[in-house]
Amino acid sequence: MTIALCFLPLVLCFLIYSFCLKIQITNQLTATLLGLIAVFPISVIQYFLPPFTLFEQTPVLQTLLKSIIVYGFIEEFIKFLFLIPIPSKKLSEFEFLMLSFMAGLVLGCFESAVYFLDHMQIAASKGAQLLLRQIFLRIFSADLIHMTCTGLCGLFLFSIRNKPTKFSVFMIAVLLHGTYDFFVGFQNPLKYFSIVVIILAIIECQNKYLSLQNLCENRLTIFY
């Protein structure tokens, strides 16, 4: 039952998309499946990567670079690749962004489920209340950062297909994800900067979406 709660955001997302946003169920299932499959290459690559040895004399810088390269670039690049099969020809920027969000949310939910399976024994010994609190926190932290960064990857992919290409959008996703992982690893008040990163990711998604929408509209106006 507890593990099922990890997937509650995905269920709510599916209901909102189906009944409020009227996004086709087949497209939702495609995004869900692609987000789920993306978990495996990400896990395999990160597991077999050699130890990160750059800047060993400066632990903070080493941790930051590792977060950006290993957790930021690798994860976002693979998620970007797995967004490619989503059929976008008949989708608006908004619909494609929403499906990208869903793919990222699936990955976040699955990651949370694996996290709690790994820590089930420890969490059980500390009580169910703590376990539920951790799930709640991950819904509004890890799930959100995966959603927003995948959304930025989706906007980047949409820009490639519809011109002009906005490579900076992808790099922002990488930097935000890496910075989030950097701060969330602290066991002191610095960890709360991860909340700031999540807020910035939400703002960037909104700004880049509006910017891309305006560019596409101007392009259509010139065309006609």
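Is Glu-204 buried, partly exposed or exposed, and what is its relative accessible area? Keep that residue in mind as a destination; the tour begins with the whole chain and reaches Glu-204 among the salt bridges.

**The whole chain**

Display everything as a cartoon, remembering that this is a predicted model. The protein contains ten helices and zero strands, so that, read from the N terminus on, its elements run α-α-α-α-α-α-α-α-α-α. The radius of gyration is 18 Å, close to the 17 Å that the globule rule gives for 224 residues, and the protein is therefore as compact as a globular protein of that length. If you align the view with the principal axes, the C-alpha atoms fill a box of roughly 65 × 45 × 30 Å.

Colouring by accessibility comes next: 40% of the 224 residues count as buried, while the protein exposes about 12,600 Å², of which carbon and sulfur atoms supply 71%. Among the contacts with a separation of 6 or more, 77% are made by residues 24 or more positions apart.

**Helix α3**

Select residues 25-48, which make up helix α3. At 1.5 Å a residue, its 24 residues should span 34 Å, and a distance drawn between the end C-alpha atoms gives 36 Å, which agrees. Now show the side chains of the buried residues of this helix, which are Asn-27, Gln-28, Ala-31, Leu-34, Gly-35, Ala-38, Val-39 and Ile-42. To see what covers these buried residues, add the neighbouring elements, which include α2 (8-19), α4 and α5.

**Three salt bridges**

Side chains of opposite charge can pair when their charged atoms come close. A search of the whole structure finds three salt bridges, and each deserves a stop.

For the first stop, select Lys-79 and Glu-76, whose side chains meet in a salt bridge with an N to O distance of 2.9 Å. Both residues belong to helix α4 (residues 59-83), where they lie three residues apart, about one turn of the helix. Lys-79 is buried, and Glu-76 is buried as well.

Move next to Glu-111 and Arg-138, where the salt bridge has an N to O distance of 3.1 Å. This pair links distant parts of the chain, since Glu-111 sits in helix α5 (residues 93-118) and Arg-138 in helix α7 (residues 128-139), 27 residues apart. With a relative accessible area of 30%, Glu-111 is partly exposed, whereas Arg-138, at 16%, is buried.

The remaining stop is Lys-208, which forms a salt bridge with Glu-204, the closest N and O atoms being 3.8 Å apart. The two residues are four apart in helix α10 (residues 193-223), and so are separated by about one helical turn. Here is the reply to the opening question: Glu-204 is partly exposed, with a relative accessible area of 22%. Its partner Lys-208, at 24% relative accessibility, also counts as partly exposed.

**Ser-194, in helix α10**

Stay with helix α10 and select Ser-194, which is found there. Which residues does Ser-194 touch, if those up to four places away in sequence are not counted? Show Tyr-180, Phe-183 and Val-184, for these are the residues that Ser-194 touches under that condition. Ser-194 has a relative accessibility of 8% and counts as buried, because the cut-off for that class is under 20%.

Conventions:
Residues are numbered from 1 along each chain as its sequence is written. This is a predicted model: local features need pLDDT of at least 70, side-chain atom pairs count only at pLDDT 80 or more; totals for chains, interfaces and linings use all residues. Side-chain values use heavy atoms; hydrogens and water are left out. A salt bridge is a side-chain nitrogen of Lys or Arg within 4 Å of a carboxyl oxygen of Asp or Glu. Buried means under 20% relative accessible area, exposed over 50%, partly exposed in between (1.4 Å probe, protein chains only). The expected span of a helix is 1.5 Å times one less than its number of residues. Contact means heavy atoms within 4.5 Å. The radius of gyration is taken over C-alpha atoms; the globule rule is 2.2 Å times the number of residues to the power 0.38. Accessible areas come from the Shrake-Rupley method with a 1.4 Å probe; for residues, only the protein chains shown count as cover.
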